[in-house]
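Please open the structure in a viewer and keep the selection tool at hand. The tour moves from one selection to the next.

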Amino acid sequence: MSFRAPASDHQFLLEQILNFDQISATEKFAEADADVMAAILSEAGKMCDEVLAPLQRNGDLHPAHLENGVLRTSPGFGEGYKAIATGGWIGMSAAPEFGGMGLPMALTTAVNEMMAGACLALQLAPLMSQGQIEALEHHASDALKQLYLPKLISGEWAGTMNLTEPQAGSDVGALSSRAEPNGDGTYAVSGQKIYISWGDNDFTENVCHLVLARLPDGVAGTKGISLFLVPKYLPDENGNPGKANDLSVVSLEHKMGLHGSPTCVMQYDGATGWLVGKEHGGMAAMFTMMNNARLGVGGQGIGAAEGAYQHALAYALERKQGRTPVADGSGTIVDHADVRRMLMEMKADVFAARAIMLACASAIDMGSATGEAEWKSRAAFLTPISKAFGTETGIRVAEQGVQVHGGMGFIEETGAAQFYRDVRVTAIYEGTNGIQAMDLVGRKMMDGGEMANRLIDEIEEQAERARPTHPNMAEAVWQACETLRETTDWLVEAEMQDRFAGAVPYLMAFARVLGGHYHLAAALADRGGAREKLARFYIKRMLPQHAGYLTHAREGAAGAFALTVEELAS
């Protein structure tokens, strides 16, 4: 499949909309100036276009599989992973003392999204390693850091995260995996984990698993869980892979999509592991990895949306059907009004979701560089929105991509359906989008809605500045903010069950308004240009959806429970 990495769009957003200079002005990221940013995006884009994109169909047509107990990956995936690793793209934001580049998360997020657009199934592998790297940097002992981080950052070794068990899905506290002290500082880890993305491969020397398990004195629930690093091969005295550990891949899941990414059932039978963080502090350590992954998964949704959009546009520019009413048009279906509507919606939503994602990553960078609570709160608030809206955008855009293809979209040979099948799981893993929304209206509003209202204030302030040049668009964004503020205040006062019932529509409304905000900023930066035209389309035609979402959000829980269980089944 042909693919063009959207490096210029990322550069525009970072430079013109999100004030990347502010990140470069900090001591921590002083070397990441505009020239470095441009070079990074350009080089990563070339790799995506030339190396990763040609592998997209291989993963779907030739899935990862077990061969006599040995995992075999899709053709070309080993070479693709090597290109990612040797280019330094795994350790972009990792600490330089262990071989990382120490670059801002905003750049890592942009590159990850471009890789996901090129080949989502393969991009999952480095994303898992990046999350493990961050967890080890924050919580592992110095000895574990010295041994594992250089190998993970270089890509010689790969990382995974093991949370879910057959009887414990999102309820992690119900896990049954256990860890017994061996008396020498190591632990014997036993249990079964499911849904382990890239639980094994045939192109790295070792696979390192972060596994949640309970110590003998661990209390029930999440407070009794600890985190352990359990490698496939035990490092020898020189730090090289030695004896095989007591773990195995039991089977691979047969999935709707992402066939090139092996989703493993992992079995641990007294496997040797090392404690990461404090005893019974596993959830705090794992959440470091999960928060990293949630932003990354939002980027996966956006990357898939970008790929689906490009694929649909290419088809629309070639397919001739019926008479087109545009006199100077191409003579293809791109000149039909409804096809053009779909393509405009797709492009506008990709921009909105990408802007929210990069704003979140930028806030993470500023929080890391300055230590200021304001930036950290902003990043925390934007994370569930980035994950949920990014993945919902991926699903919606991929579905529209199938529709643009018409009947051919339902034919697998065109490749349109693969984008939809691959991206669908992103709304489920790393915390379902419902869980993201409940986090937003629950934990993230424990401040009484202060962060939400500060963001709304910023959006309204920009709208006021835009009134002299873009009065209609500015008024639409400003009015949307007021409705959003009213609902935010209502949720803060509501019972938690009522909040949860309206959580998803509230998150989607907040994302819609943020999208209008960033589109308006683009219009101000590109007067008379294509971005201003796209902004007008979004603000006039798509932003109004926020009103319906907010009406739904304020209805509370009663209506959702109006039917009894028997009536639901009747």
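The stops below cover a strand and its partners, and then charged side chains. The model is predicted: local features need pLDDT of at least 70, side-chain atom pairs count only at pLDDT 80 or more, and totals for chains, interfaces and linings use all residues. Residues are numbered from 1 along each chain as its sequence is written, and side-chain values use heavy atoms, with hydrogens and water left out.

Select first strand S6, residues 206–214. Strands are DSSP runs (E, at least two residues) and helices likewise (H or I, at least four), numbered from the N terminus. Nine of the nine residues of S6 are buried, so the strand is largely enclosed by the rest of the structure. Here buried means under 20% relative accessible area, exposed over 50%, and partly exposed in between (1.4 Å probe, protein chains only).

Add strand S3, residues 157–162, which pairs with S6 in the parallel sense over six bridges; two strands pair if DSSP finds at least two bridges between them. Thr160 stands opposite His209 in S6. Next, select strand S7, residues 225–231, which runs antiparallel to S6 and is joined to S6 by seven bridges. Cys208 stands opposite Pro231 in S7.

Turn now to helix H9, residues 337–370, where Arg341 and Glu345 lie four residues apart, about one turn of the helix. They form a salt bridge, with the closest N and O atoms 3.2 Å apart. A salt bridge is a side-chain nitrogen of Lys or Arg within 4 Å of a carboxyl oxygen of Asp or Glu.

Finally, select Asp439 and Lys444, whose salt bridge has its closest N and O atoms 2.7 Å apart. Asp439 is buried, at 9% relative accessibility.
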